[in-house]
Amino acid sequence: MRRSASALMLAMAAGVAQAQSGGLPATDDVMQALRESPRLQMQVESIEQGVQRERKRRAGPHEWQIAATQQQRTESSGQRFDEQEYGLQRGMRWPWKASIDRRLGTQERLVGELGYSDAWHEAGRDLLDMWFEWFGAEEAVKITDSQLQSLREQQRSVERRVEAGDAAAVELQLADAETHRMQATRNEMALGAMRAREALAREFPLLPLTVPSTLDTPIALPGTDETWLETITSDNHELELALSEAKAARLLAERAAADRMADPTLALHYSDNLDGNRRLLGLTVTLPIGGTLRSADAALARSESRKAEANVRLVTDRVHSDARAAVSAARLSRANWQDLTEAAARMRRAADAAARGYELGELDLAVTLTARRQALEAEQQLMMAHLTALHDHARVLLDSHQLWALPEGHEPIEP
């Protein structure tokens, strides 16, 4: 579909934004992983099926039929004659039905191509979601490992104070319990990361699973929300597929209505006997009389067409709603990351101050452990907010076909 000048300008800005956003696997790796994923390997058959449906429609429902009969005829006089009869017949499709079939075949081929395009986009969405789910789980393990190290240092500090007689032995038990609790949390997070990794590897076997060493700063979406919404909804495979399916359903209804007038069958037959005294050459025309069956088929096709039209309205509403949600999420998640950045920094400073206060005997252990727990929660929230901001930004680029778009040459062409 054609895009406006503003959309093209936005596309260029989006390309720059995508190049700056980190946390994603290499584009070449993603494209290969998508192309070779089991679901796309299955869905690619929809293209071949569309091509064969077009061939079938153009060929029509009728085929040539050949008949041969060998018989013996006995006259009242007692004479016997060996006779042969040959026939050649074929149903003849009315010209207006052939015209509908040609248009329907072209439309069914387009449906097959759009089915693959939509499957590619949905697979890209799933890869994006699963990648950040796994990435977040791995980052959560790293943060917990860092906190475990801090807790062990805190435990050694408690041990020193207990040995010096400045703290009760129960504080050492509390510190040890907190360390074990954190270790259990770390093990649970590691299990979640392993499961997320296995799910991603199972769905996209060729995708290299390497955690990026750094994360770039989330950047704001360029342009206005209205421009993004127009870009996403004006070139949307799911909506294009629904529209194409609705058009195919209308043509099927038109074809079923035309089929209420049956196609004639023309038959050419020839017979003779071995004596050659009896030869017959004839032409037979057979025309079925349409009845309840054909009327019901036509009514059913009209119902399917109305259903497809209703689905277009449903998909249109969903596409527009999803686009608005995606753009809003990209804006809000970045703002949320900015707010949590300051909150996490304050919590880190508070936890460090509490640890120093405990060393000096100014604070008790419960306050110190609470401060560390809150700092850990703030770090986890900040990490998730960071990844969410990157994910939501990438989701907008993906839905607007600025990221991981179907390679050129695979896009369907309108008939």
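# Buried residues to look for in this model

At 15% relative accessibility, H401 counts as buried, because buried means under 20% relative accessible area. Keep in mind as you explore that this is a predicted model. Below you will also meet W404, R90 and D263, which are buried as well, and a helix with buried residues, α2.

**Two residues after α10**

- H401 lies in the segment that comes after α10 (365-399), and W404 is found in the segment after α10 too.
- With 5% relative accessibility, W404 also counts as buried.
- Most residues other than glycine have a negative phi.
- H401 is not a glycine, and yet its phi is positive, at about 65°.
- W404 is not a glycine either, and it has a positive phi of about 55°.

**R90, a charged residue inside**

- You can find R90 in strand β2, which covers residues 80-91.
- What is the nearest side chain of opposite charge to R90? It is that of E63, 8.1 Å away, and R90 has no salt bridge although it is buried.
- A salt bridge needs the two charged groups within 4 Å, so the 8.1 Å to E63 does not qualify.
- A polar atom of the R90 side chain does lie 3.3 Å from the backbone oxygen of H62.
- Not counting residues up to four places away in sequence, R90 touches A59, H62, E63, W64, P264, T265 and L266.

**D263, in a loop**

- D263 sits in the loop between α8 (237-258) and β3 (265-273).
- Is D263 buried or exposed? Its relative accessible area is 8%, so D263 is buried.
- Its side chain makes a polar contact with the side chain of K97, at 3.0 Å.
- The D263 side chain also reaches the backbone nitrogen of W94, at 3.4 Å.
- Setting aside neighbours within four places in sequence, D263 is in contact with H62, M92, R93, W94, K97, T286, L287 and P288.
- H62 is a residue to click on, as it appears among the contacts of D263 and among those of R90.

**The buried side of helix α2**

- Which residues are buried in helix α2 (residues 27-35)? They are V30, M31, A33 and L34.
- These residues cover an arc of only 165° around the axis, so they are on the same side of α2.
- An α-helix has 3.6 residues a turn, so residues three or four places apart point the same way.

Notes:
Residues are numbered from 1 along each chain as its sequence is written. This is a predicted model: local features need pLDDT of at least 70, side-chain atom pairs count only at pLDDT 80 or more; totals for chains, interfaces and linings use all residues. Side-chain values use heavy atoms; hydrogens and water are left out. Helices (H or I, at least four residues) and strands (E, at least two) are DSSP runs, numbered from the N terminus. Buried means under 20% relative accessible area, exposed over 50%, partly exposed in between (1.4 Å probe, protein chains only). Lys and Arg count as positive and Asp and Glu as negative; His and the chain ends are not counted. A polar contact is a pair of N or O atoms within 3.5 Å; within protein, one must be able to donate a hydrogen and the other to accept it, and residues adjacent in sequence count only if both atoms are side-chain atoms. Contact means heavy atoms within 4.5 Å. The arc is that of the directions from the helix axis to the C-beta atoms.
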